[in-house]
Number of protein chains: 2
Amino acid sequence: MYKFKVEERILSTNEEYAASNRELLAGKNKLCLNVISSPGSGKTTILARTIADLKGRMKVGVIEGDIQTDIDAQRIKAAGAKAIQINTDGACHLSAAQISKALKKLPIDKLDLLVIENVGNLICPSVFELGENCKIVVLSVAEGDDKCAKYPSTFARAAAILINKIDLLGTKHIDFNIKRVRKDIRKVNEDAQIFEVSAKTGQGMAEWYDWLAKSVGDPTSV
Amino acid sequence: MYKFKVEERILSTNEEYAASNRELLAGKNKLCLNVISSPGSGKTTILARTIADLKGRMKVGVIEGDIQTDIDAQRIKAAGAKAIQINTDGACHLSAAQISKALKKLPIDKLDLLVIENVGNLICPSVFELGENCKIVVLSVAEGDDKCAKYPSTFARAAAILINKIDLLGTKHIDFNIKRVRKDIRKVNEDAQIFEVSAKTGQGMAEWYDWLAKSVGDPTSV
């Protein structure tokens, strides 16, 4: 029993910080995305390409969550965006208190879009609200087409789902039924936007950029 | 502070069950592996192929950990092994108490090898001992070559690491420097056996089977 009581208390403290982050961002009318996926699905590659492709059109600030190392923050900075690194020291998700601190280090007023790249983990990060407008889930076709069926609660909470590495489809190496995935997503989430992209080749990224531009224009719409 | 106290208590209760599982398996001289990876690295495909290829040579029992669904247990049964499904109902790792219950349902005396396929998560499962002889980590080349650097504590605890989907190497779709990964592994783990395999094509699986046979012959060696 004690386990559930403590879980409630941790989540309730987290929710207080999340509400405060949400209020801060709403007051400034800024869109904030919480990007969640397995390790290696391509979150950082998608963000780096998005930042580079939208240079001049959209100013992006990124909060990078990692267990240790600043490999991802370096990649984001190289792409041309502000990046704040959070190291969780082994913890499996970002907390709203960590985001609250990181937001103080970002020049929010000068940015159009805030992105939180969560720790690579398809499970725990989906439980902790950070004050974001919405969650974005990335799924690589190399992970297999059963992932929505196996991790439904994460997919259920997403406003947009990017199916990445689609340049691998049609090769002999990958068995991935994209129709099955779309069907599995719709079972748990009727509204999520689904984008089929390759952050490597750029295929399908334009639709994602259009969605981003629309959502930045009206953060309350997502 | 309360967070750490509770974490210690949960881990200490888990360690009691783990010790009891370890004692049970040691008394029967059975090898038990705890397989850990990101979602979609190919754990189930590796196990299913191993079971099918070693039919007649090795009797395998599998404890399948999943958040919900029994998709993986069905695949393991189809490959010809005994499989017990554990659904964690949203939890991000298996616990030793769950393994203790599952072991009671397996005909351990008739098996040569026990495999626990943990929940798809490269972080949390590495903290919870289950009573296994050793941990096996699977990394797919599609996840990228920075994963050992970014999730070192999981790789540090592995007795064997399978680098899977190597049939994708050498295609234009994948940038994966296997030398870098081997170097990163050696920084945190001097002793782990490293296998380069494709569970899809069978490439490299023979060396893994040799290691399995040797380890089944002497579970105290791993």
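A residue is taken as buried under 20% relative accessible area, as exposed over 50%, and as partly exposed in between. In the predicted model examined here, B:Asn29 has a relative accessible area of 48% and is therefore partly exposed. This residue is found in the loop between helix H1 (2-27) and strand E1 (31-37) of chain B, and its phi is near 55 degrees, a positive value in a residue other than glycine. In chain A, A:Asn29 lies in the loop between helix H1 (2-27) and E1, where its phi is likewise near 55 degrees, and with a relative accessibility of 47% A:Asn29 also counts as partly exposed. Most residues other than glycine have a negative phi.

Strand E1 of chain A, which follows that loop, belongs to an open sheet of seven strands with parallel pairing, in the order E3-E2-E4-E1-E5-E6-E7. The edges of this sheet are formed by strand E3 (82-87) and strand E7 (193-196) of chain A, each of which has a single partner strand, so that one side of each is left without a neighbour in the sheet. From one strand to the next, the twist averages 20 degrees. Within the sheet, strand E1 (residues 31-37) and strand E4 (residues 113-117) of chain A pair in the parallel sense over five bridges, and A:Cys32 has A:Leu114 as its bridge partner in E4(A). Helix H7 (residues 178-188) of chain A lies across strand E5 (134-140), strand E6 (158-164) and E7, and runs at about 165 degrees to E7(A).

The largest nonpolar core comprises 80 residues, of which A:Ile163 and B:Ile163 touch the most other members. Beyond its neighbours within four places in sequence, A:Ile163 is in contact with residues including A:Leu139, A:Val141, A:Phe176, A:Ile178, A:Val181 and A:Ile194. A second, separate core of 33 residues includes B:Leu54, B:Ile136, B:Leu162 and B:Trp211.

In chain B, helix H3 (residues 71-79) has B:Asp72, B:Ala73, B:Ile76 and B:Ala79 as buried residues. Seen down the axis of H3(B), the buried residues fall within an arc of 120 degrees, and they therefore line one face of the helix. An α-helix has 3.6 residues a turn, so residues three or four places apart point the same way. The cover over the buried residues of H3(B) includes helix H5 (147-150) of chain A, together with helix H2 (43-53), strand E2 (60-66), strand E3 (82-87) and strand E4 (113-117) of chain B. Just after H3(B), B:Gly80 adopts a positive phi of about 110 degrees.

Methods: Residues are numbered from 1 along each chain as its sequence is written. Chains are lettered from A and ligands numbered from 1 in the order in which they are written. This is a predicted model: local features need pLDDT of at least 70, side-chain atom pairs count only at pLDDT 80 or more; totals for chains, interfaces and linings use all residues. Side-chain values use heavy atoms; hydrogens and water are left out. A nonpolar core is a set of buried Ala, Val, Leu, Ile, Met, Phe, Trp, Tyr and Cys residues joined through side-chain atoms within 4.5 Å. Buried means under 20% relative accessible area, exposed over 50%, partly exposed in between (1.4 Å probe, protein chains only). Contact means heavy atoms within 4.5 Å. Two strands pair if DSSP finds at least two bridges between them. Helices (H or I, at least four residues) and strands (E, at least two) are DSSP runs, numbered from the N terminus. Axes are lines fitted to C-alpha atoms, for helices over the stretch in contact, and angles run from 0 to 180 degrees between N-to-C directions. The arc is that of the directions from the helix axis to the C-beta atoms.
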